[in-house]
Amino acid sequence: MQKEQVIIVGAGPSGLAMAACLNHHSIPYIILEREDCIASLWKKYAYDRLHLHLDKQFCVLPHMPFPDSYPRFVSRQQFVSYLDDYVSRFKISPLYRRTVESAEFDGETGKWIVKARNLGSGEVEELEGRFLVVASGETSDPFTPVIEGLNTFPGDVLHSTRFRNGKAFQNQKVLVVGSGNSGMEIAFDLANHGAQTSLVVRSPVHILSRDMIYLGLILVKYIRVNLVDSLMVMLSKLVYGDLSKYGIYRPKDGPFFMKAAYGKYPITDIGTCKKIKSQEIRVLPSICSIRGNEVVFENGTTHPFDTIVFCTGFKRSTNVWLKGDDYLLNDDGISKLSFPNHWKGKNGLYCVGLSRRGLYGAASDALNIADDINSLQ
């Protein structure tokens, strides 16, 4: 059995931030990663045009700033390069292709026993640590909803994690399901590449520009959220007008309240709204069923498609392998504790980046956890 002070599960940005913060305190750790590289979502499963949706000052990891040459909104390729440099600087060496099968606290020894399958050898390896940090990410397991008749669809069906760019879809009729930031941006990319693009928007959404969101993030430090939200909604109406005629409605709650209360981010518009208004992108309501290449929508209309791209988010499988925790994480692998104490469980259990607060939240979690562990040495 391999013994370490801290066991980190996950080598995405959250896990890397955790490792760097422990390194800063000279605390030994081991980091387990089920993929064959760090930050696999960014390296292997993200679309080409992806940029960080927030200004880089809100996305930097602890103890290493972005290069001065980076723009305000960092591209996927730049962020991957930054993470590679981060790993080199802090000498982070994850154990790759390790899938955690169980993690359980041993009350007699006061240690966490983690069993991980080595996907290379097939063997189950056992590790022991005083502390366990869950850093497996909010975007760990792609989710595709169950839709009646989906199995009858003859065209391509893919999750956003398999979408790279719109080049291969020129002149195709493509349906994008999901109106979060990924869905909006993928629809934009498809339309740019000549696809006949439709977008399913099931729920009301706030649409803001990058500068509006930047202003809001600064203002919420100094004035009440409801005042910031009132300003954001007013600016959105001035810039984008009434989008209800296109099938997009604003929520009753404000954008920053929704982010804090439900972890629901506003849409960062990068040009999608203009294409919706010009009818280059058609907005459609929820799907009722699929019959061959015909998709039936809740408003009674039916439209044929060649490809369906599901931008329907992710689930987490932490509840499958984390045993005995009924305090820190809910069944969906998100912290059920309130900010700012959401990162600390019982018996040396912690979570980083699982509070729907983005990279900024993950960086803050990692700093807090490392300080807490250091105080317990």
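**Exercise 1.** Is E101 buried, partly exposed or exposed, and what is its relative accessible area? Find its salt-bridge partner and place both residues in the predicted model.

*Solution.* Begin with accessibility: E101 has a relative accessible area of 35%, and since buried requires a value under 20% and exposed a value over 50%, E101 is partly exposed. Next, look for the partner, which is R117, with the side chains meeting in a salt bridge at 2.5 Å from N to O. R117 lies in strand 4 (residues 111–118) and E101 in strand 3 (residues 98–106), so the salt bridge ties together parts that are 16 residues apart in sequence. Finally, R117 is itself partly exposed, at 29% relative accessibility.

**Exercise 2.** Determine which residue pairs with D48 in a salt bridge, and state how accessible each partner is.

*Solution.* The partner of D48 is R76, and the closest N and O atoms are 3.3 Å apart. This pair links distant parts of the chain, 28 residues apart, with D48 in the loop between helix 2 (40–44) and helix 3 (76–89), and R76 in helix 3. As for accessibility, D48 is partly exposed at 29%, whereas R76 is buried at 10%.

**Exercise 3.** Locate the salt bridge between E185 and R49, and classify both residues by accessibility.

*Solution.* The side chains of E185 and R49 meet at 3.3 Å, N to O. E185 belongs to helix 4 (residues 181–192) and R49 to the loop between helix 2 and helix 3, so that the pair links distant parts of the chain, 136 residues apart. E185 is buried, with a relative accessible area of 4%, while R49 is partly exposed at 26%.

Technical notes. Residues numbered from 1 in each chain as written. Predicted model: local features only at pLDDT ≥ 70, side-chain atom pairs only at ≥ 80, totals over all residues. Heavy atoms only, no water. Salt bridge = Lys/Arg side-chain N within 4 Å of Asp/Glu carboxyl O. Helix = DSSP H or I, 4+ residues; strand = E, 2+ residues; numbered from the N terminus. Buried < 20%, exposed > 50% of the residue type's maximum accessible area, 1.4 Å probe, protein only.
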